[in-house]
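Subject: Handing over a structure, with notes

Dear colleague,

I am passing on the structure below, and I would be glad if you would look through it with the notes that follow.

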Amino acid sequence: MCSLGLFPPPPPPGDITLYEFNNALVCGRLYEQLPLAFQSQLADLPVLSLPKETLKAHSRLEHSTRPAFIHHRESLWKRCLSAWRDVGLCGVLKEIASAEEEGLQWVKTGSSYTLAVCHWLSSLHGSLFPHLSLTSEDMIAAFSQAVDWAGCTIRAFAWHPHTSKFAVALLDDSIRVYNSNSATIPSLKHRLQRNVAAMAWKPLCASILAVACQSCVLVWHLDPTSLSTRPSSGCAQVLSYPGHSPVTSLAWAPSGELLLSASPVDTAMLVWDVSTENCVQLQWFGGGGVTYLAWSPDGSKVLAATPSAVFRVWEAQMWTCERWPTIKGRCQTGCWSPDGSRLLFTVLGESVIYSLSFSEYRGEMQGQVGGSKTASIVADLSETTFETLYGEERIGGEVHSMVWDPTGERLAVIIRGHADVPGSQTVIAVFRTRNSPVFELLPCGFLRGERGAQPQLIAFHPCFKKGALLTVCWSTGKISHVPFFFVSAHVPCASPSRSPVTVMASASVREQPLFSEL
């Protein structure tokens with residue numbers, strides 16, 4: 001089992017991580033450049049700086065224009081209709097209970113009693129699932145893959161799956177699209193584009209971007225040949241469903257045919273056919289909602305995390321699922337191997353990385369998820385003290401987010417430090433990985449940014465040809481790219497139409513009975 005004690009010491013203060021070469025991370029000063037042989041690989045990628053001071057957050061707190069108009073007393077049935085549309089059943093009952101019309105005393109009394117019962121049931125439900133008492137913004141901040149979603153300039157980041165183009169969601173609710181082959185930087189704005197939690201580009205498509213917003217999912221259709229920097233709001237489809245907000249996670253099928261959306265307040269995840277704007281609910285009671293989605297690269301399975309101590313893995317043909325209850329907390333993040341045969345995930349409150357292997361079923365067994373009964377602990381990220389020439393450095397803690405590169409040979413992990421421990425810091429740990437014929441997880445090193453910068457978001461470039469390229473969004477608003485130069489083993493990855501390759505579990509990994517089969 002890998003641990004932080006096996007890692008090389010972190011870079012000295014003042015140095016930043018420049019690149020990886022010969023299985024070692026090379027650090028240097030900010031002004032230093034890559035060797036000439038490597039510079040051409042990153043020549044077209046923009047290194048951005050988006051400080052918070054240049055952005056202006058929304059100052060309008062009201063969610064509707066109703067307070068701007070003179071009050072007009074409408075009829076009761078119109079008020080009830082409006083309350084049903086805005087709030088739901090409780091809104092209708094409250095409207096009837098407070099009605100001033102004559103002759104409705106028994107209806108008003110019945111509505112008051114029914115409303116009291118609804119409030120009691122709501123408080124009971126909130127005690128079982130405390131996250132339901134949070135505001136929408138607090139809920140998004142709690143379940144976002146960004147370390148400091150509420151306070152950081154950059155709230156979401158997404159690479160296009162087939163080209164050097166990425167989208168950045170900012171604190172002011174705008175989205176900017178950067179393309180290495182174009183000087184035009186479109187800025188996307190929409191009245192419903194509030195509190196963006198996640199973004200995802202549609203695979204096998206030039207410029208369709210799905211955006212998880214507070215009240216809906218926006219799907220932007222962008223013309224890649226357009227020179228406009230402000231696409232019209234008419235370029236965005238609005239996908240909404242009652243009780244499905246805020247939306248905190250999105251996942252496209254690798255084939256691009258379906259889009260999944262998840263909300264912590266909705267126990268069902270929605271499967272959207274974007275072309276028709278229709279959706280199907282994948283309902284599974286328990287868990288209190290769905291917080292995070294990850295579709296396996298081969299298209300066969302979907303990870304669905306919940307706010308409770310349980311997560312599910314769905315099989316994407318018959319849409320059956322298996323559930324794994326955790327011991328301590330909810331599933332915080334997860335990522336799939338390129339062939340979809342292994343899932344790495346972490347649990348809130350634990351400083352370890354777990355692994356689940358999945359088998360391929362055929363014939364009568366086809367349609368089953370095929371997950372192993374127990375999860376293996378493959379990495380211990382407990383706090384470790386490094387003795388360096390510059391003093392002691394404490395590194396370790398819970399994992400906030402985790403990404404696996406498309407070759408399956410590098411794993412990047414954001415480790416959150418302990419806020420109440422002096423000297424503890426948030427860092428990025430990089431592992432070397434191998435998934436076949438046995439699973440291996442080996443230490444590579446720690447990534448460091450500019451002095452005072454904390455990592456917020458990480459993502460691997462989907463098609464870097466010389467190894468792997470990690471993009472890091474920092475708390476200062478800077479976006480940097482760290483290349484890992486290595487010769488890939490070129491293990492064939494499964495395509496959406498091909499079944500995943502069966503992978504044997506490593507005998508050197510210590511099996512832990514974390515889960516019980518239900």
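A good place to begin is Val 219, which stands opposite Gln 237 in strand β12. Please keep in mind throughout that the model is predicted.

On its other pairing, Val 219 in β11 has Ala 210 standing opposite, and these contacts belong to two antiparallel pairings. Strand β10, residues 208–212, pairs with β11 in the antiparallel sense over 5 bridges, and a hairpin of 4 residues joins β10 to β11. Strand β12, residues 236–239, also runs antiparallel to β11, and 4 bridges join the two. Strand β11 itself covers residues 217–221, and because 4 of its 5 residues are buried, it is largely enclosed by the rest of the structure.

The aromatic residues come next, since the structure holds 17 aromatic pairs. In one of them, the rings of Phe 345 and Tyr 354 have their centres 5.4 Å apart and their planes at 25 degrees, and because planes under 30 degrees apart count as stacked, this pair is stacked. Phe 345 is buried, with a relative accessible area of 0%, and Tyr 354, at 4% relative accessibility, counts as buried as well.

In another pair, the ring centres of Phe 464 and Phe 485 lie 6.2 Å apart with the planes at 55 degrees, so that this pair is tilted. It links distant parts of the chain, for Phe 464 sits in the loop between β31 (455–460) and β32 (467–474), whereas Phe 485 belongs to strand β33 (residues 478–485), 21 residues apart. Phe 464 and Phe 485 are both buried.

Ring pairs also build a cluster, in which Phe 311, Trp 324, Trp 336, Phe 345, Tyr 354 and Phe 358 are linked; the stacked pair of Phe 345 and Tyr 354 described above is thus part of that group.

Two arginines are placed over aromatic rings: Arg 155 lies over the face of Trp 149, at 3.7 Å from the ring centre, and Arg 410 lies over the face of Phe 486, at 4.1 Å from the ring centre.

Finally, what can be said of Arg 394, and is it buried or exposed? Arg 394 lies in strand β26, which spans residues 391–395, and at 32% relative accessibility it counts as partly exposed. Arg 394 and Thr 384 are 10 residues apart in sequence, while their C-alpha atoms are 5.7 Å apart in space.

With kind regards

Technical notes:
Residues are numbered from 1 along each chain as its sequence is written. This is a predicted model: local features need pLDDT of at least 70, side-chain atom pairs count only at pLDDT 80 or more; totals for chains, interfaces and linings use all residues. Side-chain values use heavy atoms; hydrogens and water are left out. Buried means under 20% relative accessible area, exposed over 50%, partly exposed in between (1.4 Å probe, protein chains only). Two strands pair if DSSP finds at least two bridges between them. Rings of Phe, Tyr and Trp (its six-membered ring) pair if their centres lie within 6.5 Å; planes under 30 degrees apart count as stacked, over 60 as edge-to-face and the rest as tilted. A charge sits over a ring if NZ of Lys or CZ of Arg is within 6 Å of the ring centre and within 35 degrees of the ring normal.
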